[in-house]
Amino acid sequence: MPLPCPAHGPQPVLPSLRGWALHGSSASRAIEQAALASAAPHALMARAGLAVARLAVALAPGARRVWIACGPGNNGGDGLVAARHLQALGWEAAVSLLGDTARLPADAADALQQARQAGVPITPGLPMAGNTAAPGLAIDALLGLGSRRAPDGLLAEAVRLLNQGPAPVLAVDLPTGLCADSGRPLGETAVNAQHTLALLTLKPGLFTAQGRDHAGRVWLDGLGVAAATNSTTAWLTGPEAIQQTLPGRLHAQHKGSFGDVLVLGGATGMGGAALLAARAALAAGAGRTLVTRLDGDHAPDPLRPELMPRALADALQPALLQRATVVCGCGGGSAVAEHLAAVLLHAPQLVLDADGLNAVAADGALRTALQARSARGQATVLTPHPLEAARLLGSSTAAVQADRLGQAQALAEALQATVVLKGSGSVIASPGRPPWINPTGNARLGTGGSGDVLAGWLGGLWSQAADRDAHTAAAAAAWLHGRAAEAGDPRLPLRAGDLIDAMAASLPA
């Protein structure tokens, strides 16, 4: 018989077609408690288990065997409900229930009773290799939102079997062993799922740090419960950011309508970094793009003669700095430090990247000058990778990666700037507002010059944005930067020179 089809149902979250609200563990628990209080007994778990079963059927329509690893809490109860529905469809549903059945929460105890009455095979241990036919799907219903420590004992062994087994894995709400808030594994291992069905809310940890690798493709079923927007922990960026920043051009506009960008960088041996940033700013739509190379080379760019070389002395004139969006630091080496004070003082909009960030981290006076910009109405976007962020925070890369949202927000507050913390699930943070996580991109961007392209494109986009909102411009640039990498073969890098045109071709309609 077909499964009942409620009005709600699993929705794919990725690829990124719109923005999504994200709720951390505390906010998610509050939403869950409110939903439980307003629903009939066991009704919410009944919806959750049905959602898991429906997605399982959709993901593995040819499967007829499923192994469901259930833990000692409500996550395990969701798995038990799913097992009952799948068995009713004719699947061979084998359940490993790992925990003390006498201590199950009320909803999970009810799910266990119903599963037993339906004849679902339930054992207290793990399946032995070779004893049963291989399942066509495995479901991870071990530990959900309430997990705060690494799985151990039988739970850890179940994680190992899920990861080593031949069947694709569907995780319920969260892959077991993954932190819902940070995306870091709670111990040495976590479930590597091919799909994750988030229930009620999307958790930030599914989209940053190691979350993407452990969660696979993410789905959401809100179970018919509307989460209050004032409880949002963070946001997942969608193409709306591009549409807000780049709304379209009027017929009567001209190059003076779209702002000037000045790229300052390219010390000896790194001139290409400045050129990549300048070419990206030009492609993003800046009206005029000026480039000053710290290696002293002021020859026209043979590939993009539209770029306007400027000698260093001319570029540092207050009149020029005050009318431009400045992109500073790309390949700047140690030479950029002596020129940064003038840039920090005069530039109304500043994208500070790479060696510009290292200069601030090493010089207290430059740090103070950066912090003072916000009070003068000058806006700054910092684009650190984790090591650069750690230097600015006086911390370590490991500490930054262990709490990417918190660390990015702390850096934004400390320096009164927008921060783009790069990496898997880049975090965009600004003082006084929830952070955004970028859902696009892949390891194709792990190649030399990719960051220079991001900084330059951000400068070009920001220079023409009508509202001059640094946070939205930064989120839009990061979204498009990642989107461009998704079109090609994931086994090969996307060279930075090709990335610029790929970003232009990836603009949403």
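## Strands β12 and β13

In this predicted model, strand β12 (residues 288-293) runs parallel to β13, and two bridges join the pair. Within that pairing, Val 291 sits opposite Pro 309 of β13.

Both strands belong to an open, mixed sheet of eleven strands, ordered β2-β10-β19-β18-β17-β16-β15-β14-β11-β12-β13. Its edges are β2 (20-22) and β13 (308-309), each with a pairing partner on one side only.

## Helices on the sheet

Two helices are worth a look here. Helix α11 (residues 337-346) packs on the sheet and touches β11 (260-265), β14 (324-328) and β15 (349-353). The direction of α11 makes about 150° with that of β15.

Helix α16 (residues 404-415) also packs on the sheet, where its contacts are β10 (234-236), β16 (379-383), β17 (418-421), β18 (427-429) and β19 (436-437). Between the directions of α16 and β18 the angle is about 30°.

## A helix pair: α8 and α19

How are α8 and α19 oriented to each other? Helix α8 (residues 271-284) packs with helix α19 (residues 496-505) at an angle of about 10°, and their axes are 10 Å apart. Angles under 35 degrees count as roughly parallel, so α8 and α19 are roughly parallel to each other.

From α8, the contact takes in Leu 276, Arg 279, Ala 280 and Ala 283, which meet Ala 496, Gly 497 and Ile 500 of α19. Sorted by class, this contact has five nonpolar residues, one polar and one charged.

## The cavity beside β12

Now for enclosed space. Searching the whole structure turns up one cavity of 30 Å³ or more, and the largest cavity holds about 40 Å³ of space.

Which residues line the largest cavity? They are Leu 275, Val 291, Thr 292, Arg 293, Asp 297, His 298, Ala 299, Asp 301 and Pro 309. Val 291 and Pro 309, the residues that stand opposite each other in the β12 and β13 pairing, are thus both part of this lining. Strand β12 gives the largest share, three residues. The lining has four nonpolar, two polar and three charged residues.

## The largest pocket

The largest pocket contains about 790 Å³ of space. Its lining has 34 residues, and those nearest the centre are Gly 423, Ser 424, Gly 441, Asn 442 and Leu 445.

Elements giving two or more residues to this lining are α6 (211-215), α14 (386-393), α17 (450-464) and α18 (470-485). Helix α17 gives the most, with four residues. By class, the pocket lining divides into ten nonpolar, 17 polar and seven charged residues.

Terms used: Residues are numbered from 1 along each chain as its sequence is written. This is a predicted model: local features need pLDDT of at least 70, side-chain atom pairs count only at pLDDT 80 or more; totals for chains, interfaces and linings use all residues. Side-chain values use heavy atoms; hydrogens and water are left out. On a 1 Å grid over the protein atoms alone, a cavity is a set of points where a 1.4 Å probe fits but cannot get out, and a pocket is an open set with protein on both sides within 12 Å along at least five of seven lines; lining residues have an atom within 4 Å of a point. Grid points are joined across faces, edges and corners, and a volume is the space filled by probe spheres set on the points. Ala, Val, Leu, Ile, Met, Phe, Trp, Tyr, Cys and Pro count as nonpolar, Asp, Glu, Lys and Arg as charged, and the others, Gly among them, as polar. Two strands pair if DSSP finds at least two bridges between them. Contact means heavy atoms within 4.5 Å. Axes are lines fitted to C-alpha atoms, for helices over the stretch in contact, and angles run from 0 to 180 degrees between N-to-C directions. Angles under 35 degrees count as roughly parallel, over 145 as roughly antiparallel, 65 to 115 as roughly perpendicular and the rest as oblique.
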